[in-house]
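Reader: I should like to learn how to read the features of a structure that is new to me. May we look at it together, one feature at a time?

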Amino acid sequence: MARLLDQINSPADLRALRRDQLPQVAQEIRDVIIQTVSKTGGHLGGSLGAVELVLSLHYAFNTPEDHLVWDVGYQAYAHKLITGRRDRFHTLRQLGGISGFPHRDESPYDLFTIGHGCTSIGTAFGLARARDHHGQHHKVVAIIGDGSLPGGMALEALNNAGHSSTDFLIILNDNKMAIAPATGALSRTLNRIITDPLYNRLRRTLEGRMQRLPKLGFRIVRLARRVEEHLKSYLTPGLIFEELGFRYFGPVDGHDTDQLVKTLSNIKALPGPKILHVITVKGKGLSYAEQEQWKYHGVVPFDPATGEFIKKPSSETYTQRFGKAVIALAEQDPAIVAITAAMPDGTGLVEYSKRFPERFYDVGMCEQYAVAFAAGLAKAGVKPIAAIYSTFLQRAYDQTIHDVCIQRLPVIFCLDRAGLAGDDGITHHGMFDLAYLSPLPNLVIAAPKDLDEFEAMLQFAARHTAGPIAIRYPRGGVLRTPALPIVEYLDPKRPIQVGQGEWLVEGTDVALLALGSMVAPALEAVALLRQEGISASVINARWAKPLDTGLIEQAVQRHRAIVTIEEGVKRGGFGSAVLEYLEAQGINRVRIRVVGLPDRFVEHGKRELLLEQGGLTSPAIAEHAKSVLAQAPSLSSV
Ligand SMILES: Cc1ncc(C[n+]2csc(CCOP(=O)(O)OP(=O)(O)O)c2C)c(N)n1
């Protein structure tokens, strides 16, 4: 049978179908998502759960004139499939292919390039106010998940939007899950709305009674209305939203396209700010993904028949080592606690959370709060480990400065996915942390060259009480190019001390001053350079701040050139701090090359390919060393 999906090149084609054909389109889309993601990997559960919602929204609204604004955005795979990207969908998350998130350069239907959560209500409300400003009349809809709703940005936007009379619709896509089960009081309230049978029965009864009341006398009606108002505070499901100024509708079944389209068509005509509470099932339509929603949130390639992941053998990752090390730390030191902002799995804290449930805080997708909360804990003598991806700590910049660094509080920031994150792409790369953290007084920043050093740094961090410490480490494990040799290097196992690096390879021509993940490629580069008769040193910087100025000066004295290497943007990063130091000391006798990422955003693709594109591989480092040496004065002239 010909697929309906094949006729849909834009939402207008979808709207040309009969409403009763939408379930078939939904099924066809599900099949494509499952087949594609089983090959490419990607976000399975959330995207399967939102298929009917996507179709109903495009069916009931006149997109793209009407605006749909997604939150986080991987829920929008179905949206991609009906907005002209069906033919490219197989390239999902691949280098040069389509993004796993809405992306403004991909389609006029993607208003924003997104990937971080809690943004949609704010940006959509801005669009709605701009529409009013221009005297236009299109509709604006923000879609947000229950996991993202508790984020400060979302609540701030609710506060502002509910105070207005602006025509604006929020769809609350409630599947009771963030990546892990959603946490917090808001989640409990939403849950009560959906699940409590007594509550729902009473609500229906009350609604029925109220509808019959106008037949009674005026005073009774008025009294009844007062009683209703009073009871409402206990019985109206969306009272929390009503109190904020929104008209609340729902909850409705998010997989019933018929009901959804009717409801959306009805409420879109109503003025003012509105919220429609839609209940969906993460992983809908794929039994194993429905049953193990956490596991199938984001997946590597898998066998669609069984759900079994096709895993390539891989060495231990930093995340795994963090998971083990943090348990060991907690065993040794009862003051240690761990905090995650809705990412227990991604940060490696699942085992820890089982072992130490009383010393584990999943605060929801609320990085700003996570950091402020950590500050409070640290102030009172608890030792918080705030495990936050590098990219998501961006959200909590002011809290890091104001609540932690100014107060000199010993918060331990563990920044996973520092550097190029890979297939999640432009919004997820942790390429700015060195630049945004380096200027902060009182903060020290470490970056391990390998897993053992990482563990030693964690141990050190637990003893470091002088102020905050950030440890940044990359996705995956130590970067090795299997085909390339690595040189023998000294492993002095110098104990970790603030601002002390280590000299790993002694050379004479050029010094490779590498930070964290770039130490292993630098060691490989030494082997490549030796093949060309060039003798290179490798210094493991260990600290981006403070710099090991003693080692830097020795490097200057013994070589004609220095190459600094970091997995982050060059501007404001480690190499730039080295340059500033040398400039301040008036040292200009060596040539310096700063290797890092240029001043532009990086799209999605496999991490290895992106590192290659960014010139952060051992051959590229060797090339830099050769070219900077070619510019350097000969030894006799220095
Ligand atoms: C600011 C920020 N912090 C953390 C994340 C990582 N993250 C991605 S999705 C997600 C949970 C999303 O839950 P929800 O909004 O309910 O969406 P669902 O997958 O349930 O549709 C989290 C924590 C993120 N994208 N942005």
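Author: Let us begin with a sheet, bearing in mind that this is a predicted model. Strands of a sheet pair through backbone hydrogen bonds, in a parallel or an antiparallel sense. Here five strands make an open sheet with parallel pairing, in the order β2-β3-β4-β6-β5.

Reader: Which strands are the edge strands of this sheet?

Author: They are β2 (67-69) and β5 (247-253), each of which pairs on one side only. From one strand to the next, the twist averages 20 degrees.

Reader: How many bridges link β3 and β4?

Author: Strand β3 (residues 140-145) and strand β4 (residues 168-174) are parallel and pair over five bridges. Within this pairing, G145 has N173 of β4 as its bridge partner.

Reader: Which helix lies across β4, β5 and β6?

Author: Helix α12 (residues 257-268) lies across these strands, β6 being residues 273-279, and runs at about 170 degrees to β5. Strand β5 also contains P251, which is joined to G250 by a cis peptide bond with omega of about 0 degrees.

Reader: Where is the cis peptide bond from T63 to P64 placed?

Author: That bond has omega near 5 degrees, and P64 is in the loop between α4 (51-60) and β2. A further backbone feature concerns K176, which has a positive phi of about 65 degrees although it is not a glycine. K176 is in the loop between β4 and α8 (185-195).

Reader: What is the strand order in the open sheet of seven strands?

Author: The order is β9-β8-β10-β11-β13-β12-β17, and the pairing is mixed. Strands β9 (360-362) and β17 (543-545) stand at the edges with a single partner strand each, so one side of each has no neighbour in the sheet. The twist in this sheet averages 20 degrees from one strand to the next.

Reader: In which sense do β8 and β10 pair, parallel or antiparallel?

Author: Strand β8 (residues 336-340) and strand β10 (residues 383-387) pair in the parallel sense, over five bridges. T340 stands opposite A387 in β10. Across β8 and β10 lies helix α16 (residues 367-379), at about 165 degrees to β10.

Reader: How should I read the packing of α14 and α20?

Author: One may consider the angle, the distance, the handedness and the residues in turn. Helix α14 (residues 318-332) and helix α20 (residues 451-463) pack at an angle of about 35 degrees, and their axes are 10 Å apart. The crossing of α14 past α20 is right-handed. From α14 the contact takes Y318, R321, A325 and L329, and from α20 it takes L451, F454, E455, L458, Q459 and A462. These residues divide into seven nonpolar, one polar and two charged.

Reader: Into which domains is the protein chain divided?

Author: The domain assignment gives domain 1 (5-299), domain 2 (318-472) and domain 3 (506-633). Five residues from domain 1 and four residues from domain 3 make the contact between these two domains. On the domain 1 side there are one nonpolar, three polar and one charged residues.

Reader: Which residues come nearest to the ligand?

Author: Of the 24 residues around the ligand, the nearest are G46, G145, G147, S148 and A342. G145 has already appeared as the bridge partner of N173. The shell has 10 nonpolar, 10 polar and four charged residues. Domain 1 and domain 2 each supply at least three residues to this shell.

Notes. Residues numbered from 1 in each chain as written. Predicted model: local features only at pLDDT ≥ 70, side-chain atom pairs only at ≥ 80, totals over all residues. Near = placed C-beta within 6 Å. Nonpolar A, V, L, I, M, F, W, Y, C, P; charged D, E, K, R; others polar. Domains from an automatic or database assignment. Pairing = 2+ DSSP bridges. Helix = DSSP H or I, 4+ residues; strand = E, 2+ residues; numbered from the N terminus. Axes fitted to C-alpha atoms, helices over the stretch in contact; angles between N-to-C directions. Contact = placed C-beta atoms within 7 Å. Left-handed = near helix turned anticlockwise from the far one by under 90°.
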